Amino acid sequence: MTKIENNTVATVHYTGTLPKSGEIFDSSKDRDPLTFLVGHKQMIPGFERELMGASVGEKVEFTLSAEDAYGEHNPDAIQKVPVEMFGEIKPETGMTLMSDMGPFRVTEVGDELVTVDFNHALAGESLTFNVEIVEIRDATEEEIAHGHAHGPGGHHH
Ligand code: ZN
């Protein structure tokens with residue numbers, strides 16, 4: 001029986017919760033399952049590692065440290081920028097916006113300065129995942145060359 005290993009394409013249903021509060025931050029339950037090429041940094045590091053060797057139908061639960069998930073919270077990634085830099089956009093607390101340096105969240109809006117945070121929203125968080133393996137297949141040569149899965153649930157070209 002096929003097991004999850006490098007250069008397989010895995011399809012999984014998952015629910016991610018914050019162990020501290022029990023809050024669900026993401027789940028595939030109400031949508032299509034997630035398909036990804038294993039061993040090509042498609043997923044956060046700990047996620048793949050914990051699924052290695054699992055087979056179809058198996059349910060796996062694990063908790064990752066922040067380091068194995070979205071990384072530690074970096075205080076240098078929080079910056080104050082002049083409100084004029086937002087141009088026509090009126091910044092509001094909680095907004096996520098794109099910039100040349102990647103996405104950031106608005107965490108505080110003052111009269112002249114706006115505090116923005118380039119950390120991932122889940123940086124610094126330990127994360128618990130409940131994962132059910134739906135399908136496993138060998139990746140094609142093309143998928144391995146591209147570094148991502150093709151077909152339903154994967155990238156389309
Ligand atoms: Zn491709």
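Let's start with one well-connected side chain: leaving aside residues up to four places away in sequence, Phe62 touches Gly46, Phe47, Glu50, Leu51, Leu127, Thr128, Phe129 and Val131. Phe62 is also among the residues with the most contacts inside the largest nonpolar core. The model you are looking at is predicted, with an average pLDDT of 94 for the protein. Below is a short tour, from the cores to the open sheet and on to two residues with positive phi.

**Nonpolar cores**

- The largest nonpolar core holds 22 residues, and Phe36, Phe47, Leu51, Phe62, Phe129, Val131 and Ile133 have the most contacts inside it.
- Strand E1 (8–17), helix H1 (45–51), E4 and strand E9 (127–138) each supply at least two residues of this core.
- With five residues, E9 gives the most to this core.
- A second core, separate from this one, has seven residues, including Val81, Phe86, Phe104 and Val116.
- As general background, nonpolar side chains tend to be buried together in soluble globular proteins.

**The open sheet**

- Which strands form the open sheet, and in what order? Four strands do, in the order E5-E8-E7-E6, and their pairing is antiparallel.
- Strand E5 (78–82) and E6 stand at the edges with a single partner strand each, so one side of each is left without a neighbour in the sheet.
- On average, neighbouring strands of this sheet are turned by 40° against each other, direction ignored.
- Between E6 and strand E7 (residues 102–109), the antiparallel pairing runs over four bridges.
- Met98 stands opposite Pro103 in E7.
- In general, the strands of a sheet pair through backbone hydrogen bonds, either parallel or antiparallel.

**Overall layout**

- The protein has two helices and nine strands.
- Read from the N terminus on, its elements run β-β-β-α-β-β-β-β-β-β-α.
- The C-alpha trace spans about 60 × 40 × 30 Å along its principal axes.
- Of the 157 residues in the protein, 38% are buried.
- Among contacts between residues at least 6 apart in sequence, 63% join residues at least 24 apart.
- The accessible surface comes to about 9,500 Å², and carbon and sulfur atoms account for 50% of this area.

**Two residues with positive phi**

- Asn7 has a phi near 65°, a positive value in a residue other than glycine.
- Where is Asn7 found? Asn7 lies in the segment before E1, and this residue is partly exposed, with a relative accessible area of 31%.
- Lys41, likewise a residue other than glycine, has a positive phi near 55°.
- Lys41 is found in the loop between strand E3 (34–37) and H1.
- Is Lys41 buried or exposed? Its relative accessible area is 80%, so Lys41 is exposed.

**Confidence**

- Across the protein, 97% of the residues score a pLDDT of at least 70.
- Where is confidence highest, and where is it lowest? Confidence is highest in strand E4 (residues 59–64), at a mean of 98, and lowest in strand E6 (residues 96–99), at 92.
- To link this with the topics above, E4 is one of the elements that supply at least two residues of the largest core, while E6 stands at an edge of the open sheet.

How values were computed:
Residues numbered from 1 in each chain as written. Heavy atoms only, no water. pLDDT = per-residue confidence, 0-100. Pairing = 2+ DSSP bridges. Axes fitted to C-alpha atoms, helices over the stretch in contact; angles between N-to-C directions. Core = buried A, V, L, I, M, F, W, Y, C linked by side-chain atoms within 4.5 Å. Buried < 20%, exposed > 50% of the residue type's maximum accessible area, 1.4 Å probe, protein only. Contact = heavy atoms within 4.5 Å. Areas by Shrake-Rupley, 256 points an atom, 1.4 Å probe, with all protein chains shown as cover.
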